[in-house]
Amino acid sequence: MLSNKIKAAAVHAAPVYMDKAASLHKVISLISKAADEAIELLAFPEVFVPGFPYFANCYAPDAAAVFVYAAQSIVVPDDIGEIQEACAKHNIVVVLGISERMRGGHTIFNSIVTIDADGTILGVHRKGSGYTLKTYEPKGTGYRIGGLACWEHTINGARQALIDQGQHIHVGCWPALDILEEFEAVACSQIEALMKTHALTAQVFVLCPSSYVDDTCLQWMKENLGPQDKVKAGGGWTAIIGPFCSIIGGPFTRSQDELVVAEIDLAQLGIVKVYVDGVGHYKRPELFKLDVDTTQRWKDEPDIVGPIPWNKS
């Protein structure tokens, strides 16, 4: 049974929209800020680099916009050496949502990269991929961590796959959705419901980092694609949730950068599992069987699932 305590934070921030270099620099700055607060685990929003593709919600399909988005997307591990260095320098485990571009190609994925406190890339999860649907154990921590992106949380099989791997901490990466037309009244309630559902059904702590929409996003769309009225400034719902659904950090919803901080006491998982254990007596193996297709689909997947050591040179 686990008994250690972890100081964790979920990032509520806006990227520098459609600017990979500037957004990566912001990631490093936030890691440094977290280190100043003695944070050991730091989680970033969905596709924080180079930002959520809101243009897909606002305009007719535009190949030029997608081309720019792909060009500003992350190639693993080529583009994140400085992030690995920051993790190692500050001894912080980082979970980072990125738009990932296949090396040497144009195909992009909504991905989550998990980096250990020594700079090792533990792995990359591509949204919707069974091959990359994994949990990881950062060195010396004893806990297992995994994550999903946005409405991937509505796929109960994906959540159960992480539960079956003995997950203790979950990262649910989100963008701001409550600034989208027709989502204003419901998005934050949906996110809170999905995050609390996983906290209880998985008996895990949940970090829920979220971005918000700032002027860099709105101006980029206006200057490159024209006026729009479907996405507004602000938004986001960032919190940390305990395994019995209590909110222990946040929620934070303002249009400013913030680290939502909480102490994660892993000893609390034991008492919850007395009531309900998703890998034990509440899995009900006599009734249910989960079959996850972990077949490799893309030729480069073995290169990004990890571990990938940090190349200090």
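This is a short walk through a predicted model, from one of its sheets to a helix, the nonpolar cores and two individual residues.

Let's start with the sheet. Five strands make up an open sheet with mixed pairing, and their order is 6-7-8-10-11. At its edges stand strand 6 (145-149) and strand 11 (247-252); each has a single partner strand, so one side of each lacks a neighbour in the sheet. On average, neighbouring strands here are turned by 15° against each other, direction ignored. If you would like to look at one pairing up close, take strand 7 (residues 169-173) and strand 8, which run in the parallel sense and are joined over three bridges. Within that pair, isoleucine 169 has phenylalanine 205 of strand 8 as its bridge partner. Helix 5 (residues 156-164) packs on this sheet and touches strand 6 and strand 7, and its direction makes about 170° with that of strand 6.

Next, turn to helix 3, which covers residues 63-71. Its N-terminal end is capped by aspartate 62, with a side-chain oxygen 3.0 Å from the backbone nitrogen of alanine 64. Which residues of helix 3 are buried? They are Ala65, Tyr69 and Ala70. These residues lie on the same side of helix 3, because the arc they cover around the axis is only 135°. Ala63 and Phe67, on the other side of helix 3, are exposed. What do the buried residues of helix 3 pack against? Their partners are helix 2 (55-58), strand 3 (93-101), strand 4 (108-115) and helix 7 (215-225).

From here we can move on to the nonpolar cores. In soluble globular proteins, nonpolar side chains tend to be buried together. The largest nonpolar core in this model has 36 residues, and those touching the most other members are Tyr54, Phe55, Trp174, Met195, Val213, Met221 and Val231. At least two residues of this core come from each of helix 2, helix 3, helix 6 (187-202), strand 8 (205-208), helix 7 and strand 10 (238-241). Helix 6 gives the largest share, seven residues. Methionine 221 is a good place to centre your view: not counting residues up to four places away in sequence, methionine 221 touches Tyr54, Phe55, Cys58, Tyr59, Gly226, Gln228 and Val231. There is also a second, separate core of 32 residues, with Val27, Val76, Cys87 and Ile304 among them.

Helix 6 also holds glutamine 190. How exposed is glutamine 190? Glutamine 190 is partly exposed, its relative accessible area being 28%. Apart from its neighbours within four places in sequence, glutamine 190 has contacts with Trp151 and Phe183. Glutamine 190 and tryptophan 151 are 39 residues apart in sequence, while their C-alpha atoms are 9.5 Å apart in space.

Our last stop is histidine 125, in strand 5 (residues 121-126). Is histidine 125 buried or exposed? With a relative accessible area of 5%, histidine 125 is buried. Its side chain makes polar contacts with two other side chains: with threonine 132 at 3.1 Å, and with glutamate 152 at 2.9 Å. Leaving aside neighbours within four places in sequence, the residues in contact with histidine 125 are Asn110, Ser111, Ile112, Thr132, Leu133, Tyr136, Gly147, Leu148 and Glu152.

Key:
Residues numbered from 1 in each chain as written. Predicted model: local features only at pLDDT ≥ 70, side-chain atom pairs only at ≥ 80, totals over all residues. Heavy atoms only, no water. Buried < 20%, exposed > 50% of the residue type's maximum accessible area, 1.4 Å probe, protein only. Helix = DSSP H or I, 4+ residues; strand = E, 2+ residues; numbered from the N terminus. Arc of directions from axis to C-beta. Contact = heavy atoms within 4.5 Å. Polar contact = N/O pair within 3.5 Å; in protein donor to acceptor, adjacent residues only side chain to side chain. Core = buried A, V, L, I, M, F, W, Y, C linked by side-chain atoms within 4.5 Å. Pairing = 2+ DSSP bridges. Axes fitted to C-alpha atoms, helices over the stretch in contact; angles between N-to-C directions.
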